[in-house]
Every structure is written in C-alpha cells, then in structure tokens.
Amino acid sequence: MWLIIVTMEKKIPYKIYLTEEEIPTAWYNVRADMKTKPAPLLNPGTGKPLKAEELEPIFCKELVKQELDNDTRFIPIPEEVLNFYKMYRPSPLVRAYFLEETLGTPAKIYYKFEGNNTSGSHKLNSAIAQAYYAKEQGLKGVTTETGAGQWGTALSMATQFFGLDCKVFMVKVSYEQKPFRREVMRTYGAEVTPSPSNTTEIGKKILEEFPGTTGSLGCAISEAVEAAVKNEGYRYELGSVLNQVLLHQTIIGLETQAALKKYDIKPDIIIGCAGGGSNLGGLASPFIGEMLRGEADYKIIAVEPASCPSFTRGKFAYDFCDTGHICPLAKMYTLGSTFIPSANHAGGLRYHGMSSILSQLYADGLFEARAVEQTSVFEAARLFARVEGTLPAPESSHAIRVAIDEALKCKETGEEKTIVFGLTGTGYYDLKAYEQFNNGTMNDYIPTDEELAVSLAKLPKVE
C-alpha cells in the first residue's frame, strides 16, 4: 500500500493583519547600513554642512537629532505615538486576487494599504510623530506645505490631537482643484492659504517673477519656512524628502516585512510612487537594508510622473530645497528649484527634487526608476478601482501602473513572481481628476529637454 503525501500551498487570506502587539516599536534608519552616507545639508550662505544649532530655529530639536543621525539603526517610537498608531495600525497587506485574475497573470500581487485612516493616506505616520515632538518642546504651533493635500490633512489632524496651531500653505493648483480636501483641513482647525500668496515676502516675490503661476511644492515650502521663522513659538514641519520623514514612514516597510514573514512570502519586486520620497522610502527602506547587509536581493522600482521626472531626467547635484532659496542645500536628484511642474493631478509628486537618502541609494544602483504618463496612470487606477473595490489616489496609482506592467510581463514569460506595491492613499478627494479622465479631457505633458535645461542651468555652484 502506497502512502501518498500531498503538499498544498498555504492559502493566503485576502488581507494579512498583524496584531497590535506586532506593531514595530522602533523606526528603521537605513542610513546606518548605507556604505555611502547621504551628503550633508549645506548652509546656503557659507556652503558648509549645517550644524544642529543652525537647524533648530526651523525644526523641532528632536527632529533635528533624527535628521542628522547617520548611525543609529533603530530609533524607539515614543509611547504616545505608538498609542495613536493603534487607532489605525497595523494596516493590512492585501492580496490582489481579483486584479491577478483580471490580468490573467501567474504573478502574485500584494499591496500595503495606507488609506485606512481619516487623513486618507500614509502621511499620518509622520505627522503624528512631528506634532508630538512639537508639543513636547512646548511650541505654540507649526507651519507646513501641502501638494495634493494629504500631508496638510494629516498634520491638521495630528496638531489638533495635541492642541497645536497649524498653518498650511497649499499649492495653488491643488487648492483650486481639491476644495473638499481644503475643507477637511479647515475642519481640523488649520489655516489654509493658496501658494504662492501675498501673505509672505517670498510669495510676493514668486508672484512677481511668475505671474499667474499654479505654484509648486518648492514655492509652498518657501512660504511655510518664512512663516515659521517669523512667528514666535512656531516650527516648520515637512511631509516628505527629509531624513526624519523617511524614518517615521518605515513603519510601513517594517509592518510589510512582518506580514510577509507570517506566511513565508518572499517578494521579488517592490514598487512605490516617488515624489519627494516618503512613500517609496517608507515601504522600501527595510528591504533595502536587507540588501545592504547582504541578506536578500530584490528588484525595487521607483515610479514618478513623466511631467516631473526628477530621477529619470534630473541631475544628482546640490540644489535648494525650495523655490524661494531660503532653505538649506541638499544633494539630490533635481530638476532645478525654479522648475514649475505642469498642473498634474498627482499633486503630491510635483516636487523638483528627491530625498537625499533615496538619491544616494539610486546613484549606488540599489533600485531603478521609471517615469509614467498621467493618462496611463489613470487607466491603471480605473482598472484597480473596478476590480479591487478601492478608488486609489493619483499618486499611489503610479505604483499600480508599474505593478500591472510587471504582472503582464510575468504573463508573457510565465514567471510566478511576487510583486508588492504601496497603496498609500485613497482618491475620494481627487474626483475632479477622475472627471477629466472619464470625460477624455485629461492631457499628458512631458517637459522638453530645453525646458529642463533652463532650470538646471540655475543650480547653485557648490565646490
């Protein structure tokens, strides 16, 4: 008599959840494992690396410490922040069974869903941490910028939780396109101003130089920093790009790692949208850490809009972080601080530069980058909404676009690769963009080499 043993693949649920007890208790600082550290921020006046005391008039003291820390691998999450996280974390890692079936691909597709909180995106992970440190320092309030409005919404919510004032400079085109996002911020008590504005000296200067401009994140950053410096008891808080923000967002990647390990899943491809770096860095950093330590190998893809292609067409150089040239110089992939992107609906990706951490990792070949056009992004978003039941944000849909492309490649080759991407937010405040797409009036805009050359020619000379 023969004994037949049948081994079956463990059934993966639609949603993989961790327990509250499994939420990571420390953020991961990828700089500790980087062979080549990110270049330091420079004082635009002296050209010398900025010291903590020079940054403290702009940022909270504890955040300055995190910004400059290249050596501490894990930084404990304060108990107050962890308790807040438990309102919406751990977030689910979802198996996209319906998308796989629709595409007819042998690939296995997972997405980490960060839209299951009131702010509608991953931005709350850093907003609550930054608001906490501001409260601990005894500050009155904070200033910030926002593109699509996700960061402004998150910080408005976080500051209200800790009883702080919040002044938000919202990129003008998004202010006009997304009135309901603006009203959510106001409901949480924030003062929201379209940028560039006449309320700051930098704003007035930008309006004089670029009359009728739709604005950019670089413009809004300049105004927010000026407002912070000129108002006693305020500090500036940023939703992307900075080292401290990528640090806080690693809660995403750490949870993703833990959820995958729970079912012995080994990802092959990890995909994130890239504008300033908080989403991509948050998801990918823990996996990149494994690569840096020689523990694993992954194909990691950064996806950016073709209308604002910092990685794929920018230059790796020192540049101003803002259009008004009052912020430090950062070495990053940049299109030039004077570059004003087209009125693209992926407002959160309309920044001229990239995180210094991600820029160095990209220069070192740890991941690749792709630029995709807006209409193809919305085609992917529509398909995802129809088969997976969630209306994705335009920013996140860049990752969906490339996840679908990679899954279709697997269909052609027959490879059973495992794909993980970040779904960082919902698109329910982006219906104006969906309206244009559905009406067939949405256009793709790709800057010419000549246009980029104009802004790149104005990069500061740094020895």
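**Questions about a predicted model**

Me: Happy to start with one residue: in which helix is the place of Ser397?
Reply: This is a predicted model, and helices in it are numbered from the N terminus. The stretch of residues 394–413 takes in Ser397, and that stretch is helix α16.

Me: Is Ser397 buried or exposed?
Reply: Good one to check. Among the residues Ser397 touches, beyond those up to four places away in sequence, are Val377, Pro392 and Tyr434. Buried means under 20% relative accessible area. Ser397 has 1%, so Ser397 counts as buried.

Me: Let's turn to the sheet. Which strands stand at the edges?
Reply: The open sheet has 7 strands with mixed pairing, in the order β1-β4-β5-β15-β10-β11-β14. An edge strand here has a single partner, so one side of it lacks a neighbour in the sheet; the strands in that position are β1 (15–16) and β14 (368–372).

Me: And which residue of β15 is the bridge partner of Ile109?
Reply: Strands β5 (residues 108–113) and β15 (residues 418–423) run parallel and are joined by 6 bridges. In β15, the partner of Ile109 is Ile419.

Me: Which helix packs on the sheet, touching β10, β11 and β15?
Reply: The helix in question makes an angle of about 150 degrees with the direction of β10 (269–273). Its residues are 278–292, and its name is α12.

Me: Last stop, the largest nonpolar core: which helix gives the most to it?
Reply: That core has 75 residues, and Trp27, Ile300 and Phe367 are among those with the most contacts inside it. The top contribution is 8 residues, and it comes from helix α5.

Note on methods
Residues are numbered from 1 along each chain as its sequence is written. This is a predicted model: local features need pLDDT of at least 70, side-chain atom pairs count only at pLDDT 80 or more; totals for chains, interfaces and linings use all residues. Side-chain values use heavy atoms; hydrogens and water are left out. A nonpolar core is a set of buried Ala, Val, Leu, Ile, Met, Phe, Trp, Tyr and Cys residues joined through side-chain atoms within 4.5 Å. Buried means under 20% relative accessible area, exposed over 50%, partly exposed in between (1.4 Å probe, protein chains only). Helices (H or I, at least four residues) and strands (E, at least two) are DSSP runs, numbered from the N terminus. Two strands pair if DSSP finds at least two bridges between them. Contact means heavy atoms within 4.5 Å. Axes are lines fitted to C-alpha atoms, for helices over the stretch in contact, and angles run from 0 to 180 degrees between N-to-C directions.
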